[in-house]
Amino acid sequence: MVISTLRTATPDAGRSTAGGDRPSVGARASRRGVWAGGLAIALLAAGCSESKLAQCNRLSQVVNGTVAEVQAVVQANSQPNDKAFSAVADRFEQGKATVSAVELSDAQLNDYKGQLLTLYDQIITAARKVSTALQQENFDAARAAHQEFLTAANQESPLVEEINTYCQVSP
């Protein structure tokens with residue numbers, strides 16, 4: 001906690017004390033004032049920074065919104081086709097932009113955010129490859145791209161699980 005790193009040094013620290021080793025009343029009051037001022041600054045800084053839980057919730061809302069939009073595309077297209085894969089890529093593009101805009105002060109959450117953005121890039125690239133291959137009726141390329149898409153998409157669940165574990169509130 002920030003308070004444990006506060007120093008009690010005061011401008012009076014270099015002055016001799018009246019009465020031997022015991023600090024003067026003014027020096028003690030000054031030290032208390034510095035400590036209290038430091039405590040107030042630390043509490044103010046802690047109060048202004050967003051909690052890990054709040055940051056987790058913001059990131060979660062954005063990711064869940066992207067997932068909901070992708071699921072809507074999948075449900076609307078019972079048979080995968082070039083337009084469906086293109087729409088999935090578009091939704092992930094939008095999600096990537098939204099995730100990129102989320103500002104996080106937590107270093108670990110920023111790392112997870114980077115992993116999500118990399119994963120979204122992989123999914124977008126693979127979905128566009130599937131869409132293009134299907135448009136060109138190149139079914140071998142479509143199968144290979146679809147496998148690439150599935151490999152990327154299957155990485156999402158473990159990453160989301162890891163983020164959820166990190167974001168759990170400790171009792």
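# A guided tour of a six-helix chain

Of the 171 residues of the chain, 28% count as buried. The model on display is predicted. Colour the chain by secondary structure to begin: six helices appear and zero strands, and from the N terminus on the elements run α-α-α-α-α-α. Of the contacts in the chain with a separation of 6 or more, 65% are accounted for by residues 24 or more positions apart.

**First stop: the disulfide**

Select C56 and C167 and show their side chains. These residues form a disulfide, with their sulfur atoms 2.0 Å apart, and the structure holds one such link. C56 lies in helix α2 (residues 52–76) and C167 in helix α6 (residues 156–167), so the pair ties together parts that are 111 residues apart in sequence. Turn the view to look along the S-S bond: the angle about this bond is -80°, and the link of C56 and C167 is left-handed. Are the two cysteines buried or exposed? C56 is buried, at a relative accessible area of 5%. C167 also counts as buried, with 14% relative accessibility, because the cut-off for a buried residue is under 20%.

**Second stop: T66 in helix α2**

Remain on α2 and select T66, which is found in this helix. T66 is buried, its relative accessible area being 4%. Which residues does T66 touch, not counting residues up to four places away in sequence? Display R91, F92, G95 and Y120 to see them. Two of these names, F92 and G95, return at the next stop, among the buried residues of α3.

**Third stop: helix α3**

Select residues 82–101, which make up helix α3. This helix has 20 residues and reaches 29 Å from its first C-alpha to its last, close to the 28 Å expected at 1.5 Å a residue. At the start of α3, zoom in on N81: a side-chain oxygen of N81 reaches to within 3.0 Å of the backbone nitrogen of K83. Next, colour the buried residues of the helix, which are D82, A84, F85, A87, V88, A89, F92, G95 and V99. Add the neighbouring helices to the view; what covers these buried residues includes α2, α4 (107–135) and α5 (139–153).

**Fourth stop: the largest pocket**

Display the surface and locate the largest pocket, which has a volume of about 290 Å³. Of the 14 residues that line this pocket, V70, V74, V88, F92 and F149 are the closest to its centre. The elements that give two or more residues to the lining are α2, α3 and α5. Both V88 and F92 are listed with the buried residues of α3.

**Fifth stop: E137 and D140**

Move to the loop between α4 and α5 and select E137, which lies there. What is notable about the backbone of E137? Its phi is near 55°, a positive value in a residue other than glycine. Most residues other than glycine have a negative phi. E137 counts as exposed, at 59% relative accessibility.

Finally, select D140, which lies in helix α5. D140 is exposed, with a relative accessible area of 56%. Show R143 alongside it: the side chain of D140 makes a polar contact with the side chain of R143, at 2.8 Å.

Definitions and conventions: Residues are numbered from 1 along each chain as its sequence is written. This is a predicted model: local features need pLDDT of at least 70, side-chain atom pairs count only at pLDDT 80 or more; totals for chains, interfaces and linings use all residues. Side-chain values use heavy atoms; hydrogens and water are left out. A disulfide is a pair of cysteine sulfur atoms within 2.5 Å. Helices (H or I, at least four residues) and strands (E, at least two) are DSSP runs, numbered from the N terminus. Buried means under 20% relative accessible area, exposed over 50%, partly exposed in between (1.4 Å probe, protein chains only). The expected span of a helix is 1.5 Å times one less than its number of residues. Contact means heavy atoms within 4.5 Å. A polar contact is a pair of N or O atoms within 3.5 Å; within protein, one must be able to donate a hydrogen and the other to accept it, and residues adjacent in sequence count only if both atoms are side-chain atoms. On a 1 Å grid over the protein atoms alone, a cavity is a set of points where a 1.4 Å probe fits but cannot get out, and a pocket is an open set with protein on both sides within 12 Å along at least five of seven lines; lining residues have an atom within 4 Å of a point. Grid points are joined across faces, edges and corners, and a volume is the space filled by probe spheres set on the points.
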